[in-house]
Amino acid sequence: MRIRFWTPAKTLLVALGAAALLAACDAPPAPQSIPATEVKAVDTPPPEYPMALACDGIGGKVVLWLTIGTDGSVTGVETRESSGQPAFDAAALEAVRNWRFRPATSNGQPVEKRILVPMTFNAPPMEPEGCYFLDDGGTETGTPAPATS
């Protein structure tokens with residue numbers, strides 16, 4: 001009959017395995033994953049409607065790419081689709097520069113995020129009162145426009 005003895009290497013291997021199992025019992029639980037969140041609008045007032053286009057009953061749509069920084073501010077703006085009316089495009093770009101958001105998060109930390117923002121300019125149903133004070137170039141004159149017959 002042959003007697004098997006434990007070699008020092010086998011003893012060390014068994015001891016390390018036992019220590020690992022015991023350490024796993026005392027280890028704190030793995031941190032829970034925090035769900036990601038998306039960008040949320042906080043303060044997004046509409047752009048000013050260009051008076052000359054309102055007076056002419058013209059509407060349009062601008063689509064912008066916004067980059068929202070980790071502090072919720074707009075850090076970048078690009079026009080994806082122009083309205084075809086430079087005044088609408090300029091009004092949209094100007095308005096979004098001061099918008100505020102709750103930033104997106106990943107694992108509980110704020111992250112930069114790009115979002116697509118469509119802006120529709122619907123022509124007012126009635127001609128605005130200020131239209132009577134515009135000159136031929138679409139700027140306010142301060143005097144009523146002459147009546148036409």
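By the sulfur-distance rule, the count for this chain comes to one disulfide. Keep in mind that we're looking at a predicted model here. The partners are cysteine 55 and cysteine 131, with their sulfur atoms 1.8 Å apart, which falls within the 2.5 Å cut-off for a disulfide. As for handedness, the link of cysteine 55 and cysteine 131 is left-handed, with -100° about the S-S bond. Cysteine 55 sits in helix α2 (residues 51-55) and cysteine 131 in the segment after β7, so the bond ties together parts that are 76 residues apart in sequence. Both ends of the bond, cysteine 55 and cysteine 131, are buried.

Now for the chain as a whole. Its secondary structure comes to three helices and seven strands. Reading from the N terminus, the order is α-β-α-β-β-α-β-β-β-β. There are 149 residues, and 23% of them count as buried. The accessible surface is about 10900 Å², with 58% of that belonging to carbon and sulfur atoms. Take the contacts with a separation of 6 or more: 69% of them are between residues 24 or more positions apart.

Here are the elements whose residue ranges come up in this report:

| Element | Residues |
|---|---|
| Helix α2 | 51-55 |
| Strand β2 | 60-68 |
| Strand β3 | 74-81 |
| Helix α3 | 86-96 |
| Strand β7 | 113-121 |

Next, the hairpin. Strands β2 and β3 pair in the antiparallel sense, over six bridges. Across that pairing, threonine 67 stands opposite glycine 76 in β3. Five residues lie between the two strands of the hairpin, and in the turn glycine 72 has a positive phi of about 90°.

What about the inside? In soluble globular proteins, nonpolar side chains tend to be buried together. In this model, the largest nonpolar core has 19 residues, and the members touching the most others are Leu66, Ile68, Trp99, Phe101, Ile115, Met119 and Phe121. β2, α3 and β7 are the elements that give two or more residues to this core. Of these, α3 gives the most, with five residues.

Which residues does isoleucine 68 touch, leaving out those up to four places away in sequence? Its contacts include Phe101 and Ile115, both also listed among the best-connected core members. The rest of the set for isoleucine 68 is Val39, Ser73, Val74, Thr75, Val111, Glu112 and Lys113.

Technical notes:
Residues are numbered from 1 along each chain as its sequence is written. This is a predicted model: local features need pLDDT of at least 70, side-chain atom pairs count only at pLDDT 80 or more; totals for chains, interfaces and linings use all residues. Side-chain values use heavy atoms; hydrogens and water are left out. Helices (H or I, at least four residues) and strands (E, at least two) are DSSP runs, numbered from the N terminus. Buried means under 20% relative accessible area, exposed over 50%, partly exposed in between (1.4 Å probe, protein chains only). Contact means heavy atoms within 4.5 Å. Accessible areas come from the Shrake-Rupley method with a 1.4 Å probe; for residues, only the protein chains shown count as cover. Two strands pair if DSSP finds at least two bridges between them. A nonpolar core is a set of buried Ala, Val, Leu, Ile, Met, Phe, Trp, Tyr and Cys residues joined through side-chain atoms within 4.5 Å.
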